[in-house]
Amino acid sequence: MTARLRVAAVLGAAALLVLTGCGRSGEPEREAAGTPTVAAEFGDLGAVCSGGSPTKATGRGVTADSITVGVVSDLGFTKNPEFNDAAKVFVDWCNDHGGIAGRRLELKVRDTRLTEVKQRMLESCRDDFALVGGGAGLDSLGVKDRLSCLLPSFPAQVAQPGSVGADLEVSASPTTLPRHDIYTGFRQWLLDAYPASKDKIGYVSADSPVSKILGDKGKESFEALGARIVYDDRYPIAGVPDWTPFAQAIKDREVRGLVFNGEPRQLVKLEEALTGIGYRPDWIDATNNNYSAGFLDGLGKSVEFQNNVADLGGVSPIEDGAAVPVMAQVRELFAGYAPDTELSFPQLRSLSAWLLFARSAASCGDDLTPRCVYEAATAEKAWTAGGLQAPIDLTDRDGTSVCFNIEQATPDGWKPADFRPDTGPYRCDVRPYAFRSDYGAPLTLGDVGKSLADLR
């Protein structure tokens, strides 16, 4: 890779890290230790953590008393502590109820600072039993080392082609897939709900390799559904001083459906420009990285003038406590263990990862090994994280999901769109589109000269 491309990849990942949600600063305060603030039961999972009498030190990161677990994040670069906050909430809650079958969780934050993925992965390979509930913009830089040391990973998100669907990686909630479009149902709904947009789709993306792949996948999927792309433009990673030329080009091409892949602040500015010239596409796919109250606050008057929608991919809306009762328990968890933390959508994915890890590890009892926890997790045929998301089959390594749910921006906050749910708050009639183009393959154990037989 040339130096120019390396720089582009780094900057591109910086822009795309917003896919993990809107940033916040500051560390949460926890209530004083003592009686557990939240019950051990979570949704239909029952008691997730409990006491026990383990006796064995079974290998790296596991003693008779504790389990060392790492969480990867780009905190030093993004200043966004949401994955770290979610990890601390879960670990403190779990330990208050006895840990994993009697072993306390010891949390190690692996701050990659965007570019130090390999260094943090080598540290994790030395000390950690598993990686859980995090994500890094340049995650593929550490996959070979992770596979070489046979380290299981339960990420909240994955980003780059080498990491998406890689071996020994278990994504507990619907996320990017290597071979299928997880947004097929959403895209079809857009074309059905707004038929005039079918021949007038536009794309605006950050100028980076990661954004390019996201855009190319989306365009292929739309075209497979019979849509036509009439506008496709990129903007510099750092943004532009004036979004009016982009807005005018969108108007000139008569774009009726607009997809934006990039940093939330830049979409706010683009919408300001569109509103300023009085142009309103039928819809704007803001993507779920903009599913936050902060994004709506930033939109100002555009929140009423423009029509922003986002697919949550079968994960519960944060505000939907009536349709998803377990959300009340999530709020209770964060209120009890991180009261100053604003709950974010990526943290729901992180929590699903932690719940899957804890359930799988607990099933191993005293004989806690990487092989046992990995096999237990990948045996789940209908994982819902206790009711936090639509079910996904973790025995399917390709990870196709048939459910989606759509939120729409309003002056009163995000609300469910009229997408005709058929399974609780979700619609589960998707036939995921299989990509025909090659967007890069996930790394395998074979790529590092190993196989599942080496996992102990």
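**View 1. Strands E1 and E2 pair in the parallel sense.** Eight bridges join strand E1 (residues 66–73) to E2; two strands count as paired if DSSP finds at least two bridges between them. Thr-68 has Glu-106 in E2 as its bridge partner. This is a predicted model: local features need pLDDT of at least 70, side-chain atom pairs count only at pLDDT 80 or more, and totals for chains, interfaces and linings use all residues. Residues are numbered from 1 along each chain as its sequence is written, and side-chain values use heavy atoms, with hydrogens and water left out. Helices (H or I, at least four residues) and strands (E, at least two) are DSSP runs, numbered from the N terminus.

**View 2. Four strands form an open parallel sheet.** Their order is E2-E1-E3-E4. Strand E2 (104–111) and strand E4 (153–154) are the edge strands, and each pairs on one side only.

**View 3. Helices H4 and H13 meet the sheet.** Helix H4 (residues 117–127) lies across E1, E2 and strand E3 (130–132). H4 runs at about 160° to E2. H13 packs on the sheet and touches E1, E2, E3 and E4; contact means heavy atoms within 4.5 Å. The direction of H13 makes about 145° with that of E3. Axes are lines fitted to C-alpha atoms, for helices over the stretch in contact, and angles run from 0 to 180 degrees between N-to-C directions.

**View 4. Phe-90 and Trp-354 form a stacked pair.** The structure holds 18 aromatic pairs. Rings of Phe, Tyr and Trp (its six-membered ring) pair if their centres lie within 6.5 Å; planes under 30 degrees apart count as stacked, over 60 as edge-to-face and the rest as tilted. Phe-90 and Trp-354 lie 5.4 Å apart centre to centre, with 25° between the planes. Phe-90 lies in helix H3 (residues 82–96) and Trp-354 in helix H13 (residues 345–363), so the pair ties together parts that are 264 residues apart in sequence. Both residues, Phe-90 and Trp-354, are buried (under 20% relative accessible area, 1.4 Å probe, protein chains only). Ring pairs link them into a cluster with Phe-42, Trp-93, Phe-129, Phe-154 and Phe-357.

**View 5. Arg-187 and Lys-219 each lie over a ring face.** Arg-187 is 5.2 Å from the ring centre of Phe-222. Lys-219 lies over Tyr-203, at 6.0 Å from the ring centre. The criterion is NZ of Lys or CZ of Arg within 6 Å of the ring centre and within 35 degrees of the ring normal.

**View 6. E11 and E12 form a hairpin.** Two residues lie between the strands. Strand E11 (residues 406–410) and strand E12 (residues 413–416) pair in the antiparallel sense over four bridges. Ala-409 has Trp-414 in E12 as its bridge partner.

Note on methods
Buried means under 20% relative accessible area, exposed over 50%, partly exposed in between (1.4 Å probe, protein chains only).
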